[in-house]
Every structure is written in C-alpha cells, then in structure tokens.
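Visitor: I am new to this structure, and I would like to understand the reasons behind the words used for it. Could you take me through them step by step?

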Amino acid sequence: MEETANLEICKECAVTDPMGLEFMSRATAELSEKGWVPVSISAGQTYGDGLFGRKGFYLLIEAKTGADVALGSWVLRMNDIINDLDGRLSPPRGCRGIIITNAQVPERLAAATSRYPVSFFSLKPDIDADERMDQFLTLCDRLGRQGASSRAVVQRDLVEHIPRIENEHGDGAEESQDVSRSLASDPAGETEERAERIAQEIDQLLPILGNRHPSVLSLRAELARILGSEEMLSSVLSDQEEFLGPDSPDIIETKAALADSLREKGDFSRAAELYREASRQAEFVFGFDNPKALSLQDSIAYAYVQAGRVQEAIALLEQLVEDRERILGSDEPATLTSRNNLASAYAHAGRMPEATSLWEHVVSDRERILGVEHPSTLASRNNLAYAYLQTGLLRRASEILEGVVEDSERIFGAEHPVTIINRNSLVTAHIESGRLQEATRLAEQAVEESREFAGDEHSVTLESRTNLAKIYRETGRLQESINLLEVILADRERIQGVDHPATLTSRNNLASVYAYAGRLQESVNLAEVIVADRERIQGVDHPATLTSRNNLASAYAYAGRLSEAINLWEEVVSDRERVLGTSHPSTLTSRKNLANAYMEAGRLGEAIDLLEHVLADRERILGNEHPATLSTRRSLARVYRKAGRLGEAIDLLEHVLADQERILGNEHPATLSSRNSLARVYREADRVSEAIDLLEQVVADRERILGNEHPATLASRSNLGNSYREAGRLEEAIDLLERVLADRERILGDDDLAVLKSRNSLACAYSDADHHSQAIALYERNLAEAERILEPAHPKIATYRRNLEQAERARP
C-alpha cells in the first residue's frame with residue numbers, strides 16, 4: 001500500500017441510502033480489485049461515503065439519491081472537504097470528488113461544476129448495472145491518471161510570506177519592500193498552455209452555445225482568472241449577474257477573482273470592497289458559518305492591511321479566529337491560517353511581541369497537525385523568523401531560515417519559487433547579521449535560479465534582484481546597485497505599471513542608493529516624486545506614504561537642506577504618532593531621525609532630550625539588546641560628544657561596543673561603526689594614541705569586510721587621518737587625507753557632504769604643517785562649494801568660514 005503514513009485503513013463506508021449503499025458496496029469491491037484502498041484521516045473518521053487512495057492520489061465518493069434535482073451546495077460542500085483533505089495531507093496530494101446521483105443535473109450546474117475538482121456520475125435507470133459499473137470504474141481510472149494536477153478551489157487566504165515592515169537604515173532612510181510575494185509555482189509556459197487550451201474550447205463552443213451560455217461563461221471566467229485580466233473578469237461578471245442570477249456560486253467566485261486581480265495591481269481599496277461584496281453574497285447564499293464566507297473574510301483583511309487600514313484588519317481577523325475556532329475547531333488548517341494572518345496584521349501594527357507569540361503557537365500547531373514538511377508549516381516558520389529579526393533575535397532567525405531553506409530544497413527542489421522566496425528571507429537575515437559574503441552568494445544564487453525557472457519578469461525574480469541590489473549597496477558596490485535598481489524599476493514600470501505600489505517601492509530603493517552614492521539632487525528629485533505619487537495613489541496617511549515622507553526628509557538632510565528636513569520630520573513624527581501610535585517602531589525611527597537632524601543643526605539640547613526619550617521607549621518596547629536600541633545609544637553618545645560631555649559619551653560607547661561584540665559579533669558593520677565612533681571620542685578627549693590604535697584596526701577590518709571604496713571605510717580612513725594630525729604625525733595625515741579626498745570626489749562627487757568634510761580636514765592638516773597657501777586655497781574652495789550646496793543657515797558654513805579666517809590670520 002502506497003498511502004501516506006498519517007492515513008489509516010477505513011473498515012466501512014458511511015453511506016446509508018439503500019440505492020447508494022447497493023452501488024457503493026459493489027463499487028468498493030471493484031475499486032479494491034483495481035488497487036484503490038479505502039482510507040480515513042484518523043481512526044474512525046470518514047469523508048463522504050468513501051475515500052479511496054491509489055499511488056498517492058485520492059477519490060472522495062458521495063452518493064446523493066432520492067432528490068429530484070441536484071444542488072450546487074453538494075458541489076461546494078465536496079470542494080470544501082477536498083480543501084480540508086489537501087490541508088491535512090503532508091505533502092498535499094491530488095484529490096477528486098465524485099457525486100453519484102439519480103437526480104437531474106441542471107445544465108447550469110454541470111457547467112459551474114466543471115471548475116471544481118468534482119464530477120457527477122449519473123445512475124441512469126436505462127443502463128445495465130454491469131455497464132454502469134464499467135463506466136464508473138473508467139471515470140475513476142481517468143481521474144486517477146490526472147493525478148496531482150487536480151486541486152481544490154482553494155481559500156483566498158493572506159499570503160503567508162509577509163512583507164518587511166520598515167527598516168531603519170543609515171541616517172534616516174527606511175527601506176521599502178514589495179507589498180506581496182507570489183507563491184505561484186507554474187512556469188510561465190505552462191500557464192500560457194492552459195490559457196491557450198481554454199481559449200480553444202471557448203472558440204469551439206461559441207458558435208454552438210453562444211457567449212453567455214453557462215458552460216461558456218464558466219470557461220471565460222477560468223480564462224480571465226488565469227490571465228488575471230480585470231477587463232475580462234468584469235465582462236464575465238456582468239454577464240453572470242444578468243444570466244445566472246445573484247445567488248449563483250459562480251458570481252461569488254468571479255467577484256473574488258476580480259478582487260484578486262485588483263489586489264495584484266495594487267488597487268487594494270477597490271479589492272477590499274469587492275471582497276466585502278463577495279463575502280456578503282456568500283453569507284446570504286451559504287450562511288455566515290460557511291467556509292467559503294469565512295475564507296473571504298481573510299481576503300478582506302489582507303486588502304485592509306495593504307490599504308493601510310491595519311486596525312480594521314486586526315478587528316476583522318480577531319473575530320474570524322474566534323469564529324473559526326468555534327465552528328471548525330482550533331486545529332483546523334483554516335483556523336491556523338487565520339491565526340497566521342492575525343499575527344501578520346499585528347506585525348504591521350508594530351505589535352511584535354503579540355505577533356511573535358502567535359506565530360510561535362502557529363508553528364507548533366502546524367508541525368503537530370500538518371507535519372514539519374507541509375508548505376504551510378514552512379511558511380509559518382519563515383514568518384516566525386521574520387518576527388525574530390524584527391525583535392533583534394538574529395541568530396535564532398538565521399537558524400530557523402537555514403532549516404527552512406534546507407527543507408524547501410529537499411521537498412520542492414532548489415529552483416522552486418517557494419525555495420527561492422525562503423532563500424531571499426535568509427539573505428535578509430544574513431544582511432541583518434552582518435554576514436555579507438554569505439548573503440551575496442545566496443542572493444546571486446537566488447537571482448540565477450529564479451531567472452532559469454520563471455524568467456526575468458516573474459515577481460520572485462524581481463524580488464531576488466532587489467535583494468542583490470541591496471547587498472551591493474551594503475558592500476559599497478554602489479554603481480552596480482544603481483545599475484541593477486534602474487533596470488528593476490524600468491521592468492516594474494513596464495510590467496506592473498508606473499502607479500503600482502511595487503513600482504513605487506523600487507523608486508524608493510533607487511532614491512536611497514542615489515543618496516548613498518552622493519547623487520543628491522537625483523535622490524531628492526526622485527523622493528519628491530514618490531511622495532506625490534503615494535499621496536495621490538495610497539493617501540496621505542497610508543503607512544507607505546509616511547515612509548516615503550520620512551525618506552524625503554532623509555534626502556533633504558543628505559543634501560544639506562536641514563531646515564526642510566527638520567520641518568518634514570516634525571510633520572512625519574506627528575502623523576505617525578496619530579496614525580500608528582507613539583510606540584510603533586516606525587514612529588520611534590522618525591523621532592530618532594528628527595533628533596539627529598536637531599544635532600546637525602546645532603540644536604543639541606533638543607536632540608539630547610528627544611534621543612533620551614527614544615532610548616527609554618526602545619528599551620521598554622524592544623529590550624536593552626535589540627540592535628535598534630544599541631543604535632540609539634550610539635546616537636545619544638554622538639550628541640553627548642558634540643555637547644562636550646565626553647566622559648558620558650565614552651562610557652556609553654564602551655558599553656554599546658561591548659554589547660554589540662557579544663550580540664552581533666566583532667565584524668558586524670554596526671560593531672565597526674561603534675568602534676569608529678569611540679575612537680573619535682577618544683581623540684577629542686586627548687586619548688589620541690588609543691584612538692589611532694582603534695582606528696587602524698577599524699580601517700583594516702572595513703577594507704577587508706566592506707571594501708576599500710565603501711563610504712564607511714572612507715569615513716574611518718578620514719578619522720584616522722585626523723587622529724594622525726592630532727598626534728602631530730602631519731606627513732602621514734596629509735598623505736592619507738589627500739587619498740581620502742580624491743576617493744570621495746571620485747566615488748561620491750563634489751556635492752556630497754562627506755567631500756566637504758574631507759576638504760576641511762585636509763585644509764586643517766595643511767595649516768598645521770604650515771602649508772598656508774594650500775590650506776587657504778582649499779578653505780576658499782570648500783567655503784564656496786558649501787555656500788553653493790548647503791542652505792544659508794547651515795552650521796557647517798559658519799564653521800568653514802571661521803576656519804578660513806583663522807588660516808588667513810595665521811599666514812605670515
């Protein structure tokens with residue numbers, strides 16, 4: 001017997017109808033001779049009037065005799081049972097249902113049934129019993145040969161792999177991710193073949209039945225769903241409403257499919273409204289407690305989340321979980337799906353402790369009920385790893401994802417989209433953990449395999465390429481990152497449209513790298529366009545719009561437009577507190593960004609006060625060892641240094657560095673940043689030799705880990721040059737600072753603020769070495785560039801002017 005391990009022999013069939021019992025008794029014996037084995041999922045539990053398995057494929061058989069006319073509810077009930085079976089079997093297998101009946105099957109019902117994994121078998125009275133049994137066995141064999149290609153019409157549940165919410169990045173920019181991830185496993189060629197076959201069937205039937213015959217309408221709806229065509233689905237829906245009546249199950253399915261199409265195009269508000277209409281109809285036709293009606297509630301919640309209506313989604317999902325536990329039980333796969341989706345909504349709302357706890361329970365339950373290798377279990381393990389990343393448990397997240405990738409490769413294969421999605425999640429974990437070489441290798445592998453399996457335009461490939469661009473940015477390969485992101489943006493504009501949320505996300509990512517690479521005006525221009533587009537498309541209060549406004553403020557700050565940056569960040573903080581709440585991670589990020597801007601503007605008292613409050617909140621919400629908490633401590637130490645509170649700055653940074661070395665490791669980029677910051681405070685506290693020793697190690701580590709041209713590497717080399725100058729090692733200082741300036745001008749361009757700082761540092765070294773003419777010439781150039789780039793009130797202009805005046809007074 002080749003059944004899966006969790007199936008047991010079923011000793012008898014459940015049918016009690018006399019006519020059906022007579023047929024089923026003989027059918028059971030005949031099927032057994034042909035290798036079909038009666039089975040049940042658990043001891044004593046039966047499905048329909050008989051469940052039979054052969055070579056990993058299952059037939060569900062139910063006898064419906066005594067009625068005059070067959071009912072659509074029979075088909076829907078059997079489809080729901082098949083859905084349940086597919087959820088219980090690990091891994092899921094093909095399953096088909098057969099309804100044996102002597103009732104008349106209306107033509108409209110027969111046409112609608114063709115879209116479900118259900119077939120009618122008529123007990124025609126004018127056919128000999130032996131001939132009838134031969135026909136039945138032939139039908140069973142034909143369905144068995146179709147095998148695992150048969151699938152139930154599945155529930156429309158939330159995508160299991162949730163998007164990243166918001167990541168704190170650099171000096172205030174936040175990275176956006178795609179709003180949805182496709183789990184489709186069919187290569188484009190197979191989808192095209194299916195569409196072509198259905199189109200041919202429609203062409204054959206049109207001259208005979210016409211465009212609005214139930215059979216043709218069913219095929220048109222199927223073709224429209226495959227193609228994801230909003231126009232075709234709208235046309236079919238209009239015809240179905242006119243010719244099938246409002247209570248037809250087909251209308252509910254088509255309406256939900258149209259909502260799916262709108263959701264894929266990023267029109268989440270219209271999708272939510274259509275899902276609600278379909279849900280109301282399903283409740284009216286099937287009842288409030290029907291699985292179909294409950295399933296549509298999950299779809300409404302998904303659309304709410306993506307439309308920025310997170311609190312509504314949470315309220316809906318909390319009620320849905322309660323309803324499914326009451327109706328189906330807490331261990332039912334559909335109940336677990338709704339609990340998974342509720343955890344996702346909690347995560348979007350920044351309620352990570354609740355999301356993490358719920359995902360931990362879902363993983364445990366799915367492993368117990370479905371098995372560790374079931375796709376839904378793998379998805380929940382991926383989601384739990386995401387929660388651990390967000391809560392700073394980087395090592396636990398990486399360990400889970402490494403196991404998920406290994407299991408996915410064994411179950412689905414290395415090139416399957418599910419495997420690639422899980423590998424992309426592991427890439428993110430490696431980036432967060434500072435394991436950049438491993439992340440690069442995995443990202444390049446994901447791009448290569450997704451291209452080979454699905455082509456350049458598949459959503460999984462686009463996501464893999466975006467991850468690779470992020471790796472290039474993190475490792476200082478800025479031009480490669482820009483080149484890749486520009487191509488991705490062009491592809492998304494062509495494939496998904498200029499207004500699709502995923503296209504806006506790609507623009508956001510490109511604007512961020514432009515700023516990182518010193519292309520400041522391009523970054524600002526693009527960020528301003530993104531904000532305008534998101535306000536128009538998604539609304540001013542949508543979380544994605546608030547993220548883009550935060551990032552525009554960051555672009556202003558990079559470009560030296562501090563007043564505009566501060567004004568915008570103050571607005572964003574106020575709006576995020578109102579929309580998301582004061583404790584949401586994104587709200588805390590914007591408050592930290594605002595504090596950093598206050599510091600750059602010389603408003604040190606306000607900066608210190610705000611950062612101390614942000615630190616207290618992050619310690620309370622995230623914990624003392626969360627990477628974001630450690631980053632906030634480092635920012636606070638930086639302000640203490642600027643305020644001349646060097647002892648407090650040193651004490652705080654030494655504790656941060658010790659924590660990061662223990663939690664993140666010695667070579668994590670954040671650890672290297674803290675060493676760099678500590679060395680700078682040592683220098684200003686006249687502990688120059690300690691600063692030099694520390695910086696020489698940081699420069700060597702950053703060159704080895706990030707590369708010679710990474711902006712962070714150049715920053716450490718600049719700090720080392722300044723420390724050489726403070727130590728009186730002027731020749732070494734000038735040599736190093738000249739090379740840093742040349743590299744920054746070449747890599748970042750003349751308009752980057754880091755270039756202004758490098759010119760000023762080199763001019764100071766020239767002045768200390770009595771190279772007065774060179775110092776004054778460089779000071780003059782730097783002041784002119786600063787006045788051109790920065791706003792008139794920027795504090796750096798006053799600093800550079802004062803340095804020039806001092807150099808002129810010191811000239812013999």
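Guide: What follows is a set of questions and answers about a predicted model, beginning with the whole protein and then turning to helix H7.

Visitor: How many helices and strands does the protein have, and what share of its residues counts as buried?

Guide: The secondary structure of the protein comes to 34 helices and eight strands, and of its 812 residues, 58% have a relative accessible area under 20%, so they count as buried.

Visitor: What makes H7 a helix of the expected span?

Guide: Helix H7 covers residues 230-243, and its 14 residues reach 20 Å from the first C-alpha to the last, which is close to the 20 Å expected at 1.5 Å a residue.

Visitor: Which residues of H7 are buried, and why are they said to be on the same side?

Guide: The buried residues of H7 are Leu233, Val236, Leu237, Asp239 and Gln240. They are placed on the same side of H7 because they cover an arc of only 170 degrees around the axis.

Visitor: What covers these buried residues, and what does the face turned away from them carry?

Guide: The cover over the buried residues of H7 includes helix H6 (214-227) and helix H8 (249-264), whereas the face turned away from the buried side carries Glu231 and Glu242. These two glutamates are called exposed because that word stands for a relative accessible area over 50%.

Visitor: What is found just after H7?

Guide: Just after H7 comes glycine 245, which takes a positive phi of about 90 degrees.

Notes
Residues numbered from 1 in each chain as written. Predicted model: local features only at pLDDT ≥ 70, side-chain atom pairs only at ≥ 80, totals over all residues. Heavy atoms only, no water. Helix = DSSP H or I, 4+ residues; strand = E, 2+ residues; numbered from the N terminus. Buried < 20%, exposed > 50% of the residue type's maximum accessible area, 1.4 Å probe, protein only. Expected span 1.5 Å × (residues − 1). Arc of directions from axis to C-beta. Contact = heavy atoms within 4.5 Å.
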